[in-house]
Amino acid sequence: MFPATELVFRDDPYARTLTATVVGHGEKGGIVLDRTLFYPTGGGQPGDRGTMIWADGTETGIATTVWEDGGKTVIAHVASEEMPIPEPGTTVTLHLDWDRRHKLMRMHTALHLLSVVLPFAVTGGSVGEDEGRLDFDIPEADLDRDALNARLAELVAADAPVSFEWITDAELDAQPELVKTMSVAPPRGSGRVRLVRIGGAGASIDLQPCGGTHVRSTGEIGRFEIAKVEKKGKINRRVRVRFVEEAQA
C-alpha cells in the first residue's frame, strides 16, 4: 500500500513544475510519487502529460496520469516509453505540459457554464483540448443555439471569479441539489468534498462538486460556442462546445 499522494494541482492548478520523491512503482506500471501537480484521468477530464526529470538529468515523457487505487488516494504517472524503475527515495522534477492543461482548464470551466444555461440533469460529459461535451436529460424540445450562445458569451464577458470551497460528505448529502451529474459521483473518500463556485458568494452563478482543474475567472475561458446538439435517446441530448479562434488582424 502506498501513502496518499499530495494533490498539489487541487490547491494550485497553475503550478507548472514541482520536485517530488518516488514512493514506488504501481501495479499498472506507473510511477508513484509522494506528491504531484499532474491531474489524473477522472470526472471526464483526461490525465495530464509532461516530463519527469531525474537528479542525473535523465528525462522521461509522461504520457498520462491515472489513479492507482480504487480509493482514489494514490496517483501514478505512466511513462511514454520503457524506462528503468526509479528506486523509492529518488528525487525527480515534474514539468507539466502547461499549454494542454490550460486548454483543459478553460474547457472544464466552460462546461460548468454550459450547465448553467442548460439547467438540466447531466448524464455524461467529456473535457477536451479544443472541444468538450455534456449530455443532458432534456425533454423533447428544440434548443435555441443562438440564444444559448449569447448567454454563454455574457457569462464569459462578466469575468466572474472561480473559487473553491469544501463541505463535508454529510453536508453534501443534505444538499443533493448541488449535484448535477447523474452518471459521475462527486469525488469522495476523504470525508470532505470540494465545491467549485463561479461568481461571488453573494452573486453565485454556479456551485457544484468537482475535483477537476479550472481557470481563475470566466474571462480566461475565451470565446466558445455550442457547435452541435445531438439526439442520443428519447430524452438525452449531447451538446458539444468548441473554442472559437479569434480572427487575426
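The following legends describe close-up views of charged residues in a predicted model.

**View 1. A negative surface patch that includes Asp11.** Glu6, Asp11, Asp12 and Asp34 together form a negative patch on the surface. Asp11 belongs to helix H1, which spans residues 8-11. With a relative accessibility of 68%, Asp11 is classed as exposed, because the class begins over 50%.

**View 2. The salt bridge between Asp130 and Lys103.** This pair is one of the 10 salt bridges in the structure. The side chains of Asp130 and Lys103 meet at 3.7 Å, N to O. The contact links distant parts of the chain, the two residues being 27 residues apart. Asp130 sits in the loop between strand S9 (122-127) and strand S10 (131-137), whereas Lys103 is part of helix H2 (residues 98-117). Asp130 is partly exposed, at 42% relative accessibility. Lys103 is also partly exposed, with a value of 29%.

**View 3. The salt bridge between Glu154 and Arg151 in helix H3.** In this pair, the closest N and O atoms are 3.2 Å apart. Both residues lie in helix H3 (residues 145-157); because they are three residues apart there, about one helical turn separates Glu154 from Arg151. Glu154 has a relative accessible area of 48% and is therefore partly exposed. Arg151, at 38% relative accessibility, is likewise counted as partly exposed.

**View 4. The salt bridge between Arg197 and Glu165.** The closest N and O atoms of Arg197 and Glu165 are 2.9 Å apart. Arg197 is located in strand S12 (residues 192-198) and Glu165 in strand S11 (residues 162-168), so the salt bridge ties together parts that are 32 residues apart in sequence. The partners fall into separate accessibility classes: Arg197 is buried at 12% relative accessibility, while Glu165 is partly exposed at 26%.

**View 5. A salt-bridge network of Arg133, Asp135 and Arg238.** These three residues are joined into one network by salt bridges that share partners.

**View 6. The buried residue Asp206 and its polar contact.** Asp206 lies in strand S13, which comprises residues 206-209. A relative accessibility of 5% places Asp206 among buried residues, because that class covers values under 20%. The side chain of Asp206 makes a polar contact of 2.8 Å with the side chain of Gln208.

Notes. Residues are numbered from 1 along each chain as its sequence is written. This is a predicted model: local features need pLDDT of at least 70, side-chain atom pairs count only at pLDDT 80 or more; totals for chains, interfaces and linings use all residues. Side-chain values use heavy atoms; hydrogens and water are left out. Patches are made of residues with over 30% relative accessible area and no salt bridge: like charges are joined within 9 Å, nonpolar side chains (Val, Leu, Ile, Met, Phe, Trp, Tyr) within 5 Å. Accessible areas come from the Shrake-Rupley method with a 1.4 Å probe; for residues, only the protein chains shown count as cover. A salt bridge is a side-chain nitrogen of Lys or Arg within 4 Å of a carboxyl oxygen of Asp or Glu. Lys and Arg count as positive and Asp and Glu as negative; His and the chain ends are not counted. The place of a charge is taken as NZ of Lys, CZ of Arg, CG of Asp or CD of Glu. Helices (H or I, at least four residues) and strands (E, at least two) are DSSP runs, numbered from the N terminus. Buried means under 20% relative accessible area, exposed over 50%, partly exposed in between (1.4 Å probe, protein chains only). A polar contact is a pair of N or O atoms within 3.5 Å; within protein, one must be able to donate a hydrogen and the other to accept it, and residues adjacent in sequence count only if both atoms are side-chain atoms.
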